[in-house]
Amino acid sequence: MSELLFTRRWAVRAVILAAVVAACAWLGWWQWGQARVEVVRSPPSGVELLTDVHEPGQPVDDRQIGRLVSLSGEFDAEREVSVVDRQDDGRPGTWVVTAFLPRGAGGAVIPVVRGWLPAGADVPGPPPGNQELIAWLEPAESDALRERGREPLPVGQVEVVSSAQLLSLWQPPLFQGFVIQKEPAPEAPLVAVAPPALTVTGEMDWQNAAYGVQWWLFGLFAVFWFVRMLRVENEDVSALAEARDPNGLDTMGAGDDPKTRGATE
């Protein structure tokens, strides 16, 4: 098998195998990393205008997470959702998220978490007219926060603050991520929502973890296929060699061939 492995054909296959295995290993580790949400927050101090630090359509990068930004504009009461299963000191409730149109953003809207609402309370409308807000800038929430196998929610309710989902509901242009309103403080029955802790660690997303394991299994299968094909070809070569005598003469039919037998007779 070692002699067969060093032939040109199998050497090329070995190089391809190494590339495939390396790719599967890297993709598996990357997918496994996506299965756990862990963000270290180190926002700069001070307050910056939203449009100076963030652009519509661009994700919130690590340097912007948790940054205090100012917004001047108006709420759009027609574009509003409730984010279910949000607690405040153990009490069940929802987040009220409303589209906000900042000035100077070309008509793009950004989701604003106006506050937490106790379960069963009526959703209050957003304040009308021009608003001056100070808020924490946050990235879109991970799908790991969704409950697997959950029945579809009623219209106007969502599980996570997902930029992709809100884009389909509200239509573009849209800022990715969202902001949590800090000032002015929301009026009752809304309760102010505190920003996440310095280190945010989400639960394991088993779907992404399974994808990672699948990539590793693909790599192992590629190794198995390579070894199996090498052994099959080696067995074929060995069988052919055994069909010949030690002097290299074919012993499988020289005497049985009619033309050869006739010539000999």
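The following paragraphs lead through a predicted model, starting from one strand and moving on to the nonpolar cores and a pocket.

Strand β6, which spans residues 131-138, is mostly covered, with 6 of its 8 residues buried. Strand β3 (residues 68-88) runs antiparallel to β6 and is joined to it by 6 bridges, and in this pairing Gly73 stands opposite Gln131 of β6. Strand β8 (residues 178-183) also pairs with β6 in the antiparallel sense, here over 5 bridges, with Trp136 standing opposite Ile180 of β8.

From the strands we can turn to the nonpolar interior. In soluble globular proteins, nonpolar side chains tend to be buried together. The largest nonpolar core of this model comprises 18 residues, and those with the most contacts inside it are Trp95, Val97, Val113, Val161 and Trp170. At least two residues of this core come from each of β3, β4 (91-102), β5 (110-118), α4 (163-170) and β8. If neighbours within four places in sequence are left aside, Trp170 is in contact with Arg79, Glu80, Val81, Val97, Thr98, Ala99, Val109 and Pro111. Another core lies apart from the largest one; this core has 17 residues, including Phe100, Ala105, Ala108 and Phe175.

Empty space can be described in a similar way. The second largest pocket has a volume of about 210 Å³ and is lined by 14 residues, of which Arg114, Pro127, Ala185, Pro186 and Glu187 lie nearest its centre. By residue class, the lining of this pocket divides into 9 nonpolar, 3 polar and 2 charged residues.

Key. Residues are numbered from 1 along each chain as its sequence is written. This is a predicted model: local features need pLDDT of at least 70, side-chain atom pairs count only at pLDDT 80 or more; totals for chains, interfaces and linings use all residues. Side-chain values use heavy atoms; hydrogens and water are left out. Buried means under 20% relative accessible area, exposed over 50%, partly exposed in between (1.4 Å probe, protein chains only). Helices (H or I, at least four residues) and strands (E, at least two) are DSSP runs, numbered from the N terminus. Two strands pair if DSSP finds at least two bridges between them. On a 1 Å grid over the protein atoms alone, a cavity is a set of points where a 1.4 Å probe fits but cannot get out, and a pocket is an open set with protein on both sides within 12 Å along at least five of seven lines; lining residues have an atom within 4 Å of a point. Grid points are joined across faces, edges and corners, and a volume is the space filled by probe spheres set on the points. Ala, Val, Leu, Ile, Met, Phe, Trp, Tyr, Cys and Pro count as nonpolar, Asp, Glu, Lys and Arg as charged, and the others, Gly among them, as polar. A nonpolar core is a set of buried Ala, Val, Leu, Ile, Met, Phe, Trp, Tyr and Cys residues joined through side-chain atoms within 4.5 Å. Contact means heavy atoms within 4.5 Å.
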